[in-house]
Amino acid sequence: MTTRVSPTFSRIGVIGGGAWGTALALAALRAGRETWLWAREPAVVAAMTAERENRDYLPGVPLPPDLRVTNDLADIGACDAVLLVSPAQHARAVCARLAPVLRPGAPVVICAKGIELDSFALMSEAVAAALPAGTPLAILSGPTFAAEVARGLPTAVTLACADAGLGAGLVEALGSRSFRPYRSDDVIGSQIGGAVKNVLAIACGVVEGRKLGDNARAALITRGLAEITRLALALGGRADTLMGLSGLGDLTLTCSSLQSRNMSLGAALGEGRALADILAARRSVAEGVYTAAAVVGLAGRLGVDMPICAAVDAILNKGASLDATIEGLLSRPFRGEGE
Ligand SMILES: NC(=O)C1=CN([C@@H]2O[C@H](COP(=O)(O)OP(=O)(O)OC[C@H]3O[C@@H](n4cnc5c(N)ncnc54)[C@H](O)[C@@H]3O)[C@@H](O)[C@H]2O)C=CC1
Ligand SMILES: O=C(CO)COP(=O)(O)O
């Protein structure tokens, strides 16, 4: 159902004291909202409160005194709208903890990018199953390195919501000169771009690490977009969404910069480092590592061909050799570009 009047949201709660949750909290503050940031680790809350900096996940960015930091989910549940910024594999569990304290009718904006490993559920499905029935949901996705958003550099995102009035209210609440949300009603398509581009960024990182060249990276981006679009269409998303910020926009960003945790992980793999060693040296999440298997499972269930994602999954999870997997991709039969 579409609400007629855009609701106003004066108090925003952000779940997730990682880089992106912290950056989004700063964006909400800049938009003029009272903002609460929940971090899971008491030590991170204590450090953010005392030092006014998130040294663990977003070092070097001062946190203004009016950012409220909390370890109590009830503070978030009392807000007018909630941004969910936990890693995708933990989103369902965090929502189960939020559910009993969530203000009835408060919308939850999903900002995590990924597909659940065990269930192959999209974030909207996993989160809806854990929250009270009827909780309004929206998706925020797009080309957004947290460190740049945190510094107030110009950024545009897709904000997708089935309810146009609610979507417009959330855009008003979160938007500012430097953080520009564009409305959409495609909650499926806007999730697929953000989830799958992380897997493709690992592939582009491998190309970088193996020194296969810029042509190969452009080919992967383009054929990767074809894979994303096929999956989104099979799930009921729209192709035009994938040509927008949450699709092409995010794919281009993440596949072109070693600022991306996914691309840099792929580059390290391409240089010959072992996945376990790369992961052991990081605290931050590289969602593509988990979404690779989920996307391949989901695509298999739907009969969608996703050879690049399957190649990444084979390298990460099935012990496939890098060179043999690259050779396998290059030896595929020639086909029409639109097939
Ligand atoms: N960092 C970025 O530039 C962007 C990140 N995102 C997405 O935002 C989501 C969160 O990523 P970041 O903030 O970058 O994370 P991060 O890598 O900076 O930090 C890891 C986060 O995971 C949390 N965590 C670890 N174990 C957990 C558990 N068992 N339950 C709940 N939370 C747990 C930590 O508390 C921490 O907040 C991901 O889905 C990511 O793809 C989306 C856009 C930009
Ligand atoms: O989602 C992102 C940019 O839009 C962040 O990408 P990484 O998680 O690969 O750093």
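Modeller: A nonpolar core is a set of buried Ala, Val, Leu, Ile, Met, Phe, Trp, Tyr and Cys residues joined through C-beta atoms within 7 Å; buried means that 20 or more other C-beta atoms lie within 10 Å of a residue's own, with C-beta atoms placed from the backbone. This is a predicted model, in which local features need pLDDT of at least 70 and side-chain atom pairs count only at pLDDT 80 or more, while totals for chains, interfaces and linings use all residues. Residues are numbered from 1 along each chain, and chains are lettered from A and ligands numbered from 1 in the order in which they are written.

Biologist: Which residues touch the most other members of the largest nonpolar core?

Modeller: That core has 116 residues, and Val14, Leu84, Val109, Leu170, Val295 and Cys309 touch the most other members. Its largest share, 11 residues, comes from helix 8, a helix being a DSSP run of H or I with at least four residues, numbered from the N terminus.

Biologist: What makes Leu84 and Leu170 contacts of Val109?

Modeller: Two residues are in contact if their C-beta atoms, placed from the backbone, lie within 7 Å. Val109 touches both, along with residues including Ala81 and Leu140, when residues up to four places away in sequence are not counted.

Biologist: Why are Thr144 and Asp250 placed around ligand 2?

Modeller: A residue is near a molecule if its C-beta atom, placed from the backbone, lies within 6 Å of it. The shell has 13 residues, and Thr144 and Asp250 are among those that come nearest. Helix 11 gives the most to this shell, with 3 residues.

Technical notes: Helix = DSSP H or I, 4+ residues; strand = E, 2+ residues; numbered from the N terminus. Buried ≥ 20, exposed ≤ 12 C-beta atoms within 10 Å, placed from the backbone.
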